[in-house]
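Student: I have a structure on my screen and would like to learn how to read it. Could you guide me?

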Amino acid sequence: MNGRTAAVAFAVAERHLRKLVSSPALFIPPLVFPLFFFTAFAGGLSAVGDVPDFGYPDYTGFQYVFVLLQTAAFGGVFTGFSMAADWSSGFARRMMLAAPHRFGIALGYVGAALVRTVVIVAFVTVVALIAGMQVGGNGIDLVGLYALAAIVNVVATLFASGIALRFRTMSATPLMQIPVFLVLFMAPVYTPRHLLGGWVHSVANWNPATALLEAGRGLLAGRPVSVALAYGCAIGLAALFGLFSLRGMRAAERAG
Amino acid sequence: MTLLQQVRWIAQRSVLRTIRQPAQIVPSLIFPLFLLAVNSAGLDAATKLPGFPTSNYLNFALAVCFLQAALFAVSIAGTDLADDIQTGFLNRLSLTPMRRAALLLGHLAGVMVLGLIQACLYILVGISAGADIEAGVGGALVLVVLSVLTCTGFGAIGVLAALRMGSSEAVQGLFPVMFVLLFLSSMSLPRDLIANDWFRTVATWNPVSYLVEGVRSLIITGWDGEALALGFLVSIVVLVLGIAGASASMRTRLVRT
């Protein structure tokens with residue numbers, strides 16, 4: 001990446017973040033929703049941790065990892081919303097004319113998504129620690145956990161940007177959020193996979209979000225499991241949706 | 001034109017308008033069923049907790065669908081009326097001899113019909129998926145009545161919000177608030193099995209818990225007079241407060257226009 005691409009990326013990210021800070025209506029819902037899910041699941045369902053064979057030491061931590069990955073994924077989706085808004089308002093077309101390297105534009109959105117997600121994750125983590133979350137993992141485990149969340153954020157941003165670049169309208173926002181919502185909730189959200197019943201258990205066996213959740217929970221508890229599989233899934237999805245986003249950018253360029 | 005005739009005309013418009021908006025209706029039918037499917041499989045293990053009232057989580061979770069339908073009623077009724085305010089339809093209507101009561105009652109007809117469709121669909125899907133309604137056919141009918149009453153009450157809250165705020169975006173913003181009320185209730189576990197004291201306290205003070213428990217009692221317990229009475233009481237209080245508030249706001253809104 002040369003200096004000009006970096007300058008474009010920085011400018012796009014800075015604009016996006018300034019817009020967020022100056023518009024509470026854009027920033028508060030993505031901040032409040034993870035907290036709300038964490039409160040409802042970790043608070044309301046904590047007795048589920050006492051189910052025989054649950055096998056995880058702390059239900060608060062169990063739900064924290066789900067909310068962490070959900071926050072990471074929806075941080076990317078909400079950035080896709082902003083991208084769609086920029087296209088439907090015509091601002092993105094002016095950016096395309098002004099930017100010498102369009103890769104920098106995509107990079108700017110990815111960077112902005114990461115920054116906004118880091119802020120929300122920090123907030124949720126403080127709440128989880130106050131709520132008594134137990135952290136069994138060492139420093140390396142935790143770096144592994146948060147790096148995994150960062151990759152999930154990039155994956156979701158690339159997916160949502162691919163949709164935003166193809167449709168270039170806010171009407172496409174359900175196409176960004178519904179698939180992410182479905183993938184996340186067809187994984188072991190409330191209980192470990194072996195306690196899931198019916199069709200969700202069958203779907204969860206093939207759902208990449210299962211590997212991400214299981215690895216994340218293992219890293220938080222200091223008992224890493226399926227880490228290579230989770231990273232493989234995350235990096236594979238990043239490559240796949242990177243291509244999807246790139247082709248979306250080409251489609252947007254062709255559309256003028 | 002009599003009051004009844006006026007109600008009929010507005011109700012006809014409201015019902016047709018609701019039915020002609022698949023973008024509003026489909027999510028309100030599909031989303032609760034999706035969550036039912038996911039939660040009944042995902043939380044099936046919770047039935048192994050000592051004291052859990054049923055061995056099939058589907059029976060337990062089915063009640064939540066009816067409350068989600070009521071939450072959708074807030075945004076459907078409210079958004080439709082807010083659109084009428086924004087497009088000036090309400091202003092034009094205020095020039096006619098149409099009575100406020102007719103406007104209000106007629107406007108709620110759309111969510112009443114939708115509530116009826118939703119209740120029947122959830123019962124049919126629930127039974128097809130293996131749920132049992134312990135109170136039998138009579139209980140299913142009471143379930144439909146309670147569900148429609150609750151939808152109408154929440155629809156009145158949506159109408160009240162629309163009249164106060166006059167903007168469909170603002171009414172849509174109420175949906176997450178209502179969603180929070182549902183999640184902070186006894187929707188996922190019985191109150192006596194909620195381990196966190198503060199959550200159990202919030203759920204006990206949250207009126208939505210009693211609506212969920214009223215519906216759930218018909219599915220799991222059979223005829224539980226206390227749970228049913230509390231469910232109907234909360235539902236009627238929501239309806240009365242919603243209609244009283246909406247009626248007062250309608251007076252102000254029509255004076256303003």
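Tutor: Let's go from the whole chain to one helix and then to the contact between chains. This is a predicted model, where local features need pLDDT of at least 70, side-chain atom pairs count only at pLDDT 80 or more, and totals for chains, interfaces and linings use all residues. Residues are numbered from 1 along each chain as its sequence is written, while chains are lettered from A and ligands numbered from 1 in the order in which they are written.

Student: How many helices and strands does chain A have?

Tutor: Helices (H or I, at least four residues) and strands (E, at least two) are DSSP runs, numbered from the N terminus. Chain A has ten helices and zero strands.

Student: What are the spans of chain A along its principal axes?

Tutor: The C-alpha trace of chain A spans about 60 × 35 × 35 Å.

Student: Is α3(A) mostly covered or uncovered?

Tutor: A residue is buried if 20 or more other C-beta atoms, placed from the backbone, lie within 10 Å of its own. In α3(A), 26 of the 31 residues are buried, leaving this helix mostly covered. Across chain A, 46% of the 256 residues count as buried.

Student: What comes just after α3(A)?

Tutor: There, G90(A) takes a positive phi of about 90 degrees.

Student: How many residues does each chain bring to the contact?

Tutor: Two residues are in contact if their C-beta atoms, placed from the backbone, lie within 7 Å. Chain B brings 19 residues and chain A brings 23 residues. On the side of chain B that touches chain A, α2(B) gives the most, with three residues.

Notes. Buried ≥ 20, exposed ≤ 12 C-beta atoms within 10 Å, placed from the backbone.
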